[in-house]
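Let's take a walk through this model together, one region at a time. Keep the viewer open as you read.

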Amino acid sequence: MEYFVQQLINGLTLGSIYGLIAIGYTMVYGIIGMINFAHGDIYMIGAFLSVITFLVLGTIGFTFIPLALIIMLLISVVLTAAYGWTVERIAYRPLRGSFRLAPLISAIGMSIFLQNYVQLLQGARNKPLQPIISGGVVLMEKDGLTAYMSYLQMVIIVLTIVLMAAFSYLIAKTSLGRAQRACEQDRKMASLLGVNVDRTISLTFVIGAALAAVAGLMVTLYYGVIDFFIGFLAGIKAFTAAVLGGIGSITGAMLGGVLIGLIEAFWSAYFSVEYKDLAAFSVLVLVLIFRPTGLLGKPEIEKV
Amino acid sequence: MLSLTGIHTFYGHVEALRGVDLQVEPGRIVTLIGANGAGKSTLLMTICGSPAARRGRILLEGEDITRLPTFEIMRRGLAHAPEGRRIFPRMSVLENLQMGAITTDASHFNADLERVFALFPILQKRQSQRGGTLSGGEQQMLAIGRALMSRPRLLLLDEPSLGLAPLVVKQIFDVIREINEQQKVTVFLVEQNAYHALRLAHHGYVMVNGKITLSGTGRELLANAEVRSAYLEGGH
Ligand SMILES: Nc1ncnc2c1ncn2[C@@H]1O[C@H](COP(=O)(O)OP(=O)(O)OP(=O)(O)O)[C@@H](O)[C@H]1O
Ligand SMILES: [Mg+2]
């Protein structure tokens, strides 16, 4: 039981991170119908920016941790959002209205470019980071087995819940959210109502990148080490989460993220840690074969 | 209000509008009639800049809007209820109406909503229903209501009577007259239903193959032999 609860906590933590990244995939797919393969690398950049910010704060002798974390979060979110915006602007927007595969190829190119760009600037070696938030509480203990939840895990899960609630509100109730959904359903009609479609699409990338930056910060704190390649695996897993939830569905992305996190945690715990990445990939293959529209996805026919 | 001179519009190499000149005077209802494929919808969409005219000039209240992007044009007191209605299918009726008001000041939203509900009481009942599940007539009412939510001075309507039962058609035409007379909205109406449209309109144009071939008051066109044989024969 303790072991099970422990995996549940680990899985929810991982799932939070995947879910935040998955939202970016699903939103972009919803609005322009493409898989943004560079999104995982945007998340990687978010992780690097938070490490760099932390190191810079350290060098100038800034050691008040709570404030340092907030500064890391803000800087990483703002700069990563700027990267997201730029990628859309230079790699996707010029291809709008061209053949369907063009932006996909451009996205793969962008992904490779971003990885090499970070490798060149930051070096190929791992970037370690000392633990910033330590400690935790023992939830259960029996026969030497414990279920332990670190403060960091609490921060990750709570912050994710807050962000997802805020984000759901944005999409459901604000005029930006409505404009976004309108562009998803009929871009031309949206423009006939005075919606600046290009700007709305840009904002979609900005929001997706900002959420990925938060995930990047979380992963940095959680694992304490990052490299320029982390975007690839996390990207595929988050993409799997988006597909599992139903690509285009935002609630689906959140749900899919949590499920992938749980599957990965339980798989590692009860089968094999070495092949933990296999779990997500198997899910991807199975979903694509048996339910390509995902759990909450809408069948294509409904697209008017 | 609106003035078009020498408008040419292309789809690829196909020339859909071949030099259109046309005026819409403020406060009027002006109608454009013509056979299928004449270019009527293209003309309305060209006014909205989508597709943009390749040659010619479009003035809206004296301002040249020919080269502006669509969303900029639509923020200048112009609204369009386009062909096919284009209701957002996965948004509620209320959200569709909110989309109509997306560029306007939120402070008069409630008053505008009341006005639209007064014109089309059924929309109030259907408020939280998804747009895609409305009947054809309800969708048309929603399309007009959504266009009105932006407080337009000029309203473009593309075949609002298409596919509707006679009773609903009458209701829609009554509303168009009311919008024009009471809310002082200028209306530019494209119709297949030439008889009703010409009776309603102050002025009419006839389009054939991307060109205006005739124009006159509604009464004149109704009496015109060419118009009668091409668009009014077979009863109404
Ligand atoms: N998106 C498009 N791409 C290519 N050709 C088009 C497009 N839209 C319209 N056309 C062509 O332009 C011409 C004018 O079409 P338009 O839709 O403006 O006619 P219409 O007068 O509105 O006809 P209807 O009464 O049937 O609605 C037609 O020959 C049509 O085939
Ligand atoms: Mg038409």
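## Two helices of chain A

The expected span of a helix is 1.5 Å times one less than its number of residues. With that in hand, look at helix α8 of chain A, residues 197-223, in this predicted model. Its 27 residues reach 39 Å from the first C-alpha to the last, close to the 39 Å expected. Of those 27 residues, 21 are buried, so α8(A) is largely enclosed by the rest of the structure. Just after α8(A) comes A:Gly224, with a positive phi near 75°.

Helix α5 of chain A, residues 151-173, can be read in a similar way. It has 23 residues and reaches 32 Å between its end C-alphas, close to the 33 Å expected. Which residues of α5(A) are buried? They are A:Leu152, A:Gln153, A:Ile156, A:Ile157, A:Thr160, A:Met164, A:Phe167 and A:Ile171. The elements covering them include α1 (2-32), β3 (145-150), α6 (175-185), α8 and α10 (250-270) of chain A.

## The nonpolar cores

The largest nonpolar core has 111 residues. The members that touch the most others come from chain A, with A:Tyr43, A:Tyr92 and A:Phe167, and from chain B, with B:Leu2, B:Leu43, B:Leu78 and B:Phe188. You have already met A:Phe167 among the buried residues of α5(A).

A second core, separate from that one, holds 37 residues. Among them are B:Phe120, B:Leu142, B:Met149 and B:Val169.

## The magnesium ion and ligand 1

Now turn to the ligands. The magnesium ion, ligand 2, is coordinated by OG of B:Ser41 and OE of B:Glu83, at 1.9 to 2.4 Å. B:Ser41 belongs to helix α1 (residues 40-47) of chain B, while B:Glu83 sits in the loop between β6 (78-81) and α3 (93-100) of chain B, so the pair ties together parts that are 42 residues apart in sequence. Are these two residues buried or partly exposed? B:Ser41 counts as buried, at 17% relative accessibility, and B:Glu83 as partly exposed, at 44%.

Both residues also appear around ligand 1, which is surrounded by 13 residues. The closest are B:Lys40, B:Ser41, B:Thr42, B:Glu83 and B:Gln192. Oxygen atoms of ligand 1 lie 2.7 Å from a side-chain N or O atom of B:Lys40, 2.8 Å from one of B:Gln192 and 2.9 Å from one of B:Asn36.

## A buried serine in chain B

B:Ser161 lies in the loop between β7 (154-158) and α7 (166-182) of chain B. It is buried, with a relative accessible area of 8%. Its side chain makes a polar contact of 3.0 Å with the side chain of B:Glu191.

Leaving aside residues up to four places away in sequence, B:Ser161 touches B:Val169, B:Phe173, B:Glu191 and B:Asn193. B:Val169 is one of the members of the second core.

## Backbone details in chain B loops

Here are some backbone spots worth a look. The peptide bond from B:Ser50 to B:Pro51 is cis, with omega near 5°; B:Pro51 lies in the loop between α1 and β4 (55-60) of chain B.

B:Glu61 is not a glycine, yet its phi is positive, near 45°. This residue is in the loop between β4 and β5 (63-64) of chain B, and is partly exposed at 41% relative accessible area. B:Arg85 also has a positive phi, near 70°. B:Arg85 is in the loop between β6 and α3 of chain B and counts as buried, at 14% relative accessibility.

Terms used:
Residues are numbered from 1 along each chain as its sequence is written. Chains are lettered from A and ligands numbered from 1 in the order in which they are written. This is a predicted model: local features need pLDDT of at least 70, side-chain atom pairs count only at pLDDT 80 or more; totals for chains, interfaces and linings use all residues. Side-chain values use heavy atoms; hydrogens and water are left out. Donors are N, O and S atoms within 2.8 Å of the metal (3.2 Å for Na, K and Ca); water is not among the atoms, so sites may look incomplete. Helices (H or I, at least four residues) and strands (E, at least two) are DSSP runs, numbered from the N terminus. Buried means under 20% relative accessible area, exposed over 50%, partly exposed in between (1.4 Å probe, protein chains only). A nonpolar core is a set of buried Ala, Val, Leu, Ile, Met, Phe, Trp, Tyr and Cys residues joined through side-chain atoms within 4.5 Å. A polar contact is a pair of N or O atoms within 3.5 Å; within protein, one must be able to donate a hydrogen and the other to accept it, and residues adjacent in sequence count only if both atoms are side-chain atoms. Contact means heavy atoms within 4.5 Å. A residue is near a molecule or strand if one of its heavy atoms lies within 4 Å of it.
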